[in-house]
Amino acid sequence: MAASGEKPYRVYKGGRTKGKVPLSNRDRRTYKSGGSGGGDKPVVRRPRAGWTWKRWTWVTLLALFILLVIWSVAGYLSVSSGVSAANKRLPANTAGVLKKQNSLIFSSSTNILLLGTDHSTNGQAGRSSDQHSDSMLLLRTDPSRHRLTYLSIPRDLRASIPGYGDQKINAAMQLGGPKLAVETADALFGPGLQINHVVVVDMGAFVSLIDAVGGIDVNVPENILSDKFDCPYSASRCSSWQGWRFHKGVQHMIGHRALIYARIRVNLLNPADSDISRGAHQQQVMQAAMSKLASVSTFLRLPFSGGDLMKPLSTDLSTMQFLQLGWVKFRAGSTLHCRLGGRSLGDGFITGDQENIAVIQMVLGNSAPQPPPPAAGPYGPGCFIGNQGF
């Protein structure tokens with residue numbers, strides 16, 4: 001026992017052994033350091049970590065994003081060159097009669113008049129050299145309702161053409177070009193539905209546009225056998241040829257067949273079909289073409305064919321406005337199909353009545369869409385939601 005009464009204790013040596021922690025030969029990497037303190041000292045560093053799947057994922061996404069940006073810029077430049085040429089093809093006096101907007105297409109309602117021209121220079125045999133508006137179609141965007149509205153105007157509809165009096169409305173294009181066609185449409189629609197933009201479509205060249213996007217899919221509402229217009233064969237064979245046939249149901253159409261479908265005015269299998277039915281066909285073709293233009297497959301081809309897609313068009317729309325129109329089309333949740341009409345009095349005209357005024361209000365969204373009244377006859381005006389009735 002110690003003299004002080006305290007318990008004896010032992011002294012143990014512990015603590016960390018001097019020097020570096022030993023590593024296995026596999027993990028040891030030795031580098032010589034050339035310091036001034038004399039002698040090289042081994043420097044041990046940790047092995048570099050390998051690439052994980054997360055790192056590979058982020059690098060891949062970044063590379064795809066960069067590729068998407070480059071592809072988008074190339075596509076934009078290609079389309080922009082085509083739009084610039086389309087702007088130059090539109091007569092300079094047309095812009096002055098269009099109602100200007102101070103807002104963007106994807107934020108406010110916009111009225112676009114589509115004029116399809118049909119003349120001998122489009123390569124179709126038997127067409128007049130006069131540039132009639134073979135079809136007139138109003139496209140109204142309605143972003144607040146996420147809706148697109150198509151309004152067909154029968155080419156035989158009686159209309160007051162400024163400076164020329166009452167004529168068939170399709171004569172406006174022949175008499176004064178797009179400018180007079182816009183003025184005639186403005187007078188017909190009234191102050192609430194004025195034209196903001198115009199697109200003139202060369203129907204012959206429209207064939208190449210549809211072919212360029214790989215064709216379109218159209219839901220044909222009934223079996224059709226047309227009369228013998230635009231026979232593609234020799235004179236001897238055309239004498240026994242019955243006409244163009246379209247079977248009921250969804251059909252994939254190349255450009256020429258889509259153009260024929262849009263031109264049919266007579267269906268030998270249904271005598272009730274008329275120029276009103278023809279307007280419905282044109283709406284289907286135009287809507288299908290717009291859907292294909294806004295598709296992913298078309299986007300992937302834009303750097304190579306963006307300029308070619310604009311060749312059939314003459315328009316005041318800019319490249320950015322086309323992009324906005326594509327976005328509105330993508331966002332649209334519903335489609336309204338409308339048509340003007342009237343009655344045939346045996347004079348070759350379709351004479352409109354108060355029902356056309358009601359249709360304009362439906363297009364504007366001021367009243368609920370209503371189909372043509374049962375007693376309206378084959379040219380009755382009205383509206384249908386979706387493809388009902390078309």
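**Exercise 1.** Which residues are in contact with F246, leaving aside its neighbours within four places in sequence?

*Solution.* The model is predicted, so local features need pLDDT of at least 70 and side-chain atom pairs 80 or more, whereas totals for chains, interfaces and linings use all residues. Residues are numbered from 1 along each chain as its sequence is written, and side-chain values use heavy atoms, without hydrogens or water. Contact means heavy atoms within 4.5 Å. On this basis F246 touches V220, E222, N223, I224, Q251, M253, R257, I260, Y261 and I264.

**Exercise 2.** Classify the disulfides (cysteine sulfur atoms within 2.5 Å) by handedness and burial.

*Solution.*
1. The structure holds two disulfides, with the pattern 1-2, 3-4 when bonded cysteines are counted along the chain.
2. C231 is joined to C238, S to S 1.8 Å; at -95 degrees about the S-S bond, this link is left-handed.
3. Buried means under 20% relative accessible area, exposed over 50%, and partly exposed in between (1.4 Å probe, protein chains only). C231, at 23%, is therefore partly exposed, whereas C238, at 15%, is buried.
4. C338 is joined to C383, S to S 2.1 Å; with 110 degrees about the S-S bond, this link is right-handed.
5. C338 lies in strand β14 (residues 334-339) and C383 in strand β17 (residues 382-385), so the bond ties together parts 45 residues apart in sequence. Strands are DSSP runs of E, at least two residues, numbered from the N terminus.
6. Both C338 and C383 are buried.

Conventions: A disulfide is a pair of cysteine sulfur atoms within 2.5 Å. Helices (H or I, at least four residues) and strands (E, at least two) are DSSP runs, numbered from the N terminus.
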